[in-house]
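Please look through the sequence and the structure shown below before reading on. The report then takes up one part of the chain at a time.

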Amino acid sequence: MGAYHLPADARFTCRSCTNCCRHWTVTVPDEERARLAAHDWAAEDPALAGATLFDAAPAGPGGAARYTIHLKGDGACPFLAPDGRCRVHARFGARAKPLVCQIFPFTFTETPGATFVGMRFACPTVTRGEGAPIAAERESVKDLARAFAKELGGRAPAATVDAGGGHEIDWRDATAIDAAFATAFDGPEDAPSDLPLATRVERAARLLRQLQDIDLGKIRGNIGEFLELTAGEPTPPDAAPADAGAGAAVRPPRAGERLLFRRFLNLLVLREYRGQTGGVGLRWRAFLDSLHVHFERGSLPLAGLPSPVPLSAVPSVASPVTEPAVAELLARFVRVRRHAKAYIAGGFHAWGQLAGLGFLLLTLPALCWFARASAAARGATTTALDDFRFAAVYLDFTLGASDLFDRASVRLQLAPLVAPDAALRLFQWLAR
Ligand code: SF4
């Protein structure tokens with residue numbers, strides 16, 4: 001393992017909320033399955049007598065047999081005890097838990113010579129930014145990264161990065177793009193931005209537009225120098241106003257973009273049905289949910305909300321992002337995911353770097369929409385910080401759990417939406 005990068009200012013202490021013990025797909029290698037299956041769990045909980053604990057899963061690297069933990073009907077892990085404790089942890093210690101469980105909420109992305117640590121906002125504690133600074137746990141997080149790399153079979157990271165548009169670039173170029181996005185959105189490392197979020201989104205969108213408008217093949221190997229030379233160039237005339245925010249005139253998204261955005265929301269919501277078995281009834285419910293989201297009519301149950309969302313109320317909910325705590329959460333959501341390189345190549349459904357960064361910007365209007373949905377579900381007409389927290393947990397879990405974004409057809413469909421101007425317009429439209 002080379003250089004090792006933690007996200008700046010990240011905090012985490014597990015609060016044992018058990019969120020990550022429900023609805024997650026936990027994959028284990030055969031030896032881990034055998035070790036866990038050898039214990040007499042029924043002696044600890046008679047309800048586990050004869051229960052299915054594992055299902056066969058697609059083989060891992062090198063054809064190694066793998067299994068997933070068989071979740072109970074309510075989505076809970078069978079090893080989760082009624083008191084909220086993990087039976088495996090309680091019986092054999094933290095290091096006996098499946099590696100996926102030990103790692104959560106951290107993620108690790110290997111690049112040549114460096115490992116980047118990310119954090120899952122699906123953990124409510126991470127979303128709240130609570131707990132001890134993870135810098136204090138640097139060595140134990142590093143041990144987890146090593147164990148994770150070992151489980152992956154020590155595969156070397158790809159030597160190049162798919163930038164999109166058929167351009168393979170080296171990591172030096174990819175890192176230059178990443179750093180330029182970070183500066184545009186977060187400000188320079190030594191002087192973090194205190195600009196309004198809308199302006200930061202606009203700056204990042206401008207950078208992506210610039211990169212999409214040039215032939216990357218011609219500047220391959222020198223992308224960093226190109227970005228240095230062109231930094232601070234004026235905004236092209238069709239760009240949105242620089243200080244668009246609450247109360248400012250904004251260009252609404254185009255009708256096609258709004259339609260595609262609802263398709264995107266549909267894909268996110270459909271995650272709730274992935275991996276479930278329920279035959280025709282389940283498919284019918286998924287179909288109805290899709291129709292409801294598409295036409296913004298009817299009600300939509302969302303995991304984590306106590307009551308269904310009245311969809312026709314969502315457009316009229318105000319969701320300003322000017323409150324400092326809301327702006328901080330949204331900016332952190334983008335910053336941590338970008339830092340983790342979770343948007344590059346295999347880290348994000350193999351979308352390519354520029355589309356991955358466009359997708360990162362697109363998560364902002366999605367967060368606003370789910371925050372509005374949360375507010376509408378409780379009958380409010382304006383979002384509050386907790387609505388955005390719900391949105392961050394929901395969206396992060398969905399993005400990590402859905403395999404729908406792996407599909408080339410979905411990538412093609414959503415391509416106009418991850419174009420930087422579309423994401424910017426949608427954000428300005430929904431962040432009001
Ligand atoms: S979701 Fe986070 S706080 Fe809750 S049990 Fe899992 S790691 Fe702990």
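## A hairpin of two strands

In this predicted model, strands β5 and β6 form a hairpin in which 2 residues lie between the two strands, and Gly 113, which sits in the turn, has a positive phi of about 90 degrees. Strand β6 covers residues 114–119, and its pairing with β5 is antiparallel and runs over 6 bridges.

Two of the residue pairs can be followed by name in the structure: Phe 108 has Val 117 in β6 as its bridge partner, while Thr 107 is partnered by Gly 118 in β6.

## The sheet around the hairpin

The hairpin belongs to an open sheet of 3 strands, which stand in the order β1-β6-β5 and whose pairing is mixed. Because β1 (3–5) and β5 (106–111) are at the edges and each has a single partner strand, one side of each is left without a neighbour in the sheet. From one strand to the next, the twist averages 20 degrees.

Whereas β5 and β6 are antiparallel, β1 and β6 pair in the parallel sense, over 3 bridges, and here Ala 3 is found opposite Ala 114 in β6. As general background, strands of a sheet pair through backbone hydrogen bonds, and they may do so in either a parallel or an antiparallel way.

How many of the 6 residues of β6 are buried? The number is 5, so β6 is largely enclosed by the rest of the structure. Helix α5, made up of residues 138–151, lies across β1, β5 and β6, and it runs at about 65 degrees to β5.

## The largest nonpolar core

In soluble globular proteins, nonpolar side chains tend to be buried together. The largest nonpolar core of this model contains 113 residues, and Leu 330, Leu 367 and Phe 370 are those with the most contacts inside it. Helix α13, which spans residues 353–377, gives the most to this core, contributing 18 residues. Both domain 1 (1–24 + 104–157) and domain 2 (161–432) give residues to the core, so the core lies between them.

Which residues are in contact with Leu 367, once its neighbours within four places in sequence are left aside? They are Leu 330, Phe 333, Phe 388, Ala 391, Ala 392 and Leu 395, and Leu 330 is itself among the residues with the most contacts inside the core.

Conventions. Residues are numbered from 1 along each chain as its sequence is written. This is a predicted model: local features need pLDDT of at least 70, side-chain atom pairs count only at pLDDT 80 or more; totals for chains, interfaces and linings use all residues. A nonpolar core is a set of buried Ala, Val, Leu, Ile, Met, Phe, Trp, Tyr and Cys residues joined through C-beta atoms within 7 Å. A residue is buried if 20 or more other C-beta atoms lie within 10 Å of its own, exposed if 12 or fewer, and partly exposed in between; C-beta atoms are placed from the backbone. Helices (H or I, at least four residues) and strands (E, at least two) are DSSP runs, numbered from the N terminus. Domain bounds come from an automatic or database domain assignment. Two residues are in contact if their C-beta atoms, placed from the backbone, lie within 7 Å. Two strands pair if DSSP finds at least two bridges between them. Axes are lines fitted to C-alpha atoms, for helices over the stretch in contact, and angles run from 0 to 180 degrees between N-to-C directions.
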